[in-house]
Amino acid sequence: MLYPVVYLAGTLLACLSIKPGFAAVAGEAEAVEETSELLPLSWEEVTELDISTLSRQTQSVKNSPAAAFVITAEDIRRSGVTTLPELLRMVPGMNVAKVNAWNWAISARGFNDLYANKLQVMIDGRSIYDPLVSGVYWGQQNLSLWDIERIEVLRGPSGSLWGANAVNGTVNIVTRSARDTQGGLLFGGGGSEELGFGGVRYGTKISEDSYLRGTVNTAYRDSSADLTATDDTHDNGNAQNATLRMDSQLSRNDQLTLEATLARYRQRGYLIGVTSETPPLWVQNDFGRDGMTGSLQGNWKHTTDSGHLIQTNFAFTQTHWLLGTIQMDRSHAVLDVQHSLPKLDSHQILWGLNFQTVHDQFQNSLTLGFEPAKFAQYNVGWYLQDQIDILDDLKLTLGNRVEHFTFTGWETEPNLRLIWTPNKAHSLWGAVSRAVVLPNRAQHSIRLFVPIPGSSDFVDVKANPDMKTENLLAFELGWRWQILHNFDIDTAAFYNIYDRMQGTQFDGTTLNSPDFAPAFPTNVPIYPATVSNSRQVKSYGVELSANYRANSAWRLQGAYSLNRFDVNYDTSRRWFRDELTEPHSSPNHTLSLRSLYNLTNEIELDAWFRYVGRIVVDRDMAIPDYFTMDLRLGWHPHKDLEISISGQNLLDNQHPEFSDILYIPVASQIQRSVLAQFSWRF
């Protein structure tokens, strides 16, 4: 435990020692005078926040005909947490569960899983959705929370704008511009679970209209407790990140942003795996992920004098990781061009083109392989949207996106939205949308050979090259009501019909030995299974968020969501995974209540209560409902210095939140923890 703290301290001191001149530059953009300036915005102010990066046009939460939510920089700072997934617990309708120290299950409107495939996630418009398994490796996303300006969330489909996989929600993490992060920032801390973390950021002006910012940060994390609470699950690890961003106003009409990131991660952890073709066949050994990801991104905005706006965004991401005995290298490039036309009478039109390529290569193992081991995907899309002012208080949005995918061919994702704002206190909206989830590289080419959890038998899961898209037809209604000047609520209801849902079925035969492991003992039963589009699911629910500002020093935020499911499937077949995954692994009820209180101008006291309903993971593991609480005490002895101490998961010693079928034999519990943090601007 001592090593990471000492190493972190050395790293930060080294960073400081090479920047003696930086102290002379003030960080005016983020300087604060007293904590009264730090209380998060009122709900009325929050609803005026911009979600343009997700809606692709100038639009606020208040005027959005969708279930929109914004996590502000102040929400992040006063949360007391250190990871991106924990921040998303604030959003109604989001299911957030920690699997172990580095893995999370995060989705919107149910369907939670280690690789939840219906949530599109981006950082400054660059997708971090993994095309291999259809999901986000949250353990690889360890950017500095101090660099985030806001997190925009749209629940429900937005496939007409963001394409396949933006089905149940879309998240865009917007980082601060280099112009707004001038001067230096040193931050860090440590505790019982987050053993040590920290970093340094510095921004400078490189010309009259160009600014540059660089950030390096690192984190060391302790292992979780096992189900007996007498040992740990050996899922400790560390991660390091570096980002460099330049923002330039090239001319009166042109803006350019260039961004580069480099991330390294070493995340240990046990996982089921076949280690040999002869006994003992498999052990729970260190199957952690050791990898590196680098990305380059450029964004150019050009506005003409006549009002046209042309945006071009290019992103390239290179990923290399080693998982147990399998290794992957992947290149992912995306080009996105958008043209917003000047308003013509009552019409506001935008259109765009998107092209992306994914090239990957694997070194397969006995446990996990991909055939072919080297593959390339090419996807292209075109979208068009028109926002029509029918009346002064009634707006209609019509949009559609047509895409061609390597795996499934042509798809279309139409969208219709209507919003009525009869007065300042009320706005009502409704939507009908179609969206699709692409089958992933794994479903088209995987070979998974692993023990069946809780059994001495093995399963040989084979891919299905005929996998089709999962389709969603979604109906939504929403209502925003400003009850009092200091009390507002935002509600949304949905009814979703999913068709061609993926599932994995046994084919009813038994093998003595697989083709790829001829020496495998013949007395061990092996059951072949195949993935397919073989289920239909319907879901419905309600989401509510409320904001009450009791006075100038105290604010309360609440969020509640209800989810229900109905699943149709072939009951005559045996299923590898739980055929009722959706209703079993999604809590019916989730509740979040935050209190942000300024004790004095220099001292903050924040509390966060959460309730999550009971779930069952893959038939075998029941996870009870839990109620937990975080507390944070913050102190600003100087306008540029902040010190805080937090207690997390305070209501019990430990509790499980989720487990995936790959981790069930080594399921983890999330422990009570304490954490101290500081930040210093110079």
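I take two strands to be paired if DSSP finds at least two bridges between them, and with that in hand I went through this predicted model.

**Strand pairing.** I looked up Q502 and found that its bridge partner in β30 is N533. I then turned to the wider pairing of β29 with β30 (residues 526-551), which is antiparallel and extends over 18 bridges. On the β28 side, I noted that β28 (residues 470-484) and β29 (residues 487-506) run antiparallel and are joined by 13 bridges, with A474 standing opposite N496 in β29. The connection from β28 to β29 is a hairpin of two residues.

**Nonpolar patch.** I next looked at the surface and recorded a nonpolar patch of about 860 Å², made by F314, L335, V337, W351, L353, F355, Y378, V380, W382 and L384. The elements giving two or more residues to this patch are β18 (326-340), β19 (347-363) and β21 (374-391), and β21 supplies the largest share, four residues. I kept in mind that side chains in a regular strand alternate between the two faces of the sheet. I checked V337 separately: V337 lies in strand β18, and V337 counts as partly exposed because its relative accessibility is 30%.

**Confidence.** I noted a mean pLDDT of 89 for the protein chain, with 92% of its residues reaching 70 or more. Residues 1-38 stay under 50 in pLDDT, although the model has 58 contacts for them beyond four places in sequence. I leave those contacts uninterpreted, because predicted coordinates should not be read in detail where pLDDT is low.

Note on methods:
Residues are numbered from 1 along each chain as its sequence is written. This is a predicted model: local features need pLDDT of at least 70, side-chain atom pairs count only at pLDDT 80 or more; totals for chains, interfaces and linings use all residues. Side-chain values use heavy atoms; hydrogens and water are left out. Patches are made of residues with over 30% relative accessible area and no salt bridge: like charges are joined within 9 Å, nonpolar side chains (Val, Leu, Ile, Met, Phe, Trp, Tyr) within 5 Å. Accessible areas come from the Shrake-Rupley method with a 1.4 Å probe; for residues, only the protein chains shown count as cover. A salt bridge is a side-chain nitrogen of Lys or Arg within 4 Å of a carboxyl oxygen of Asp or Glu. Buried means under 20% relative accessible area, exposed over 50%, partly exposed in between (1.4 Å probe, protein chains only). pLDDT is the predictor's confidence in each residue, from 0 to 100. Contact means heavy atoms within 4.5 Å.
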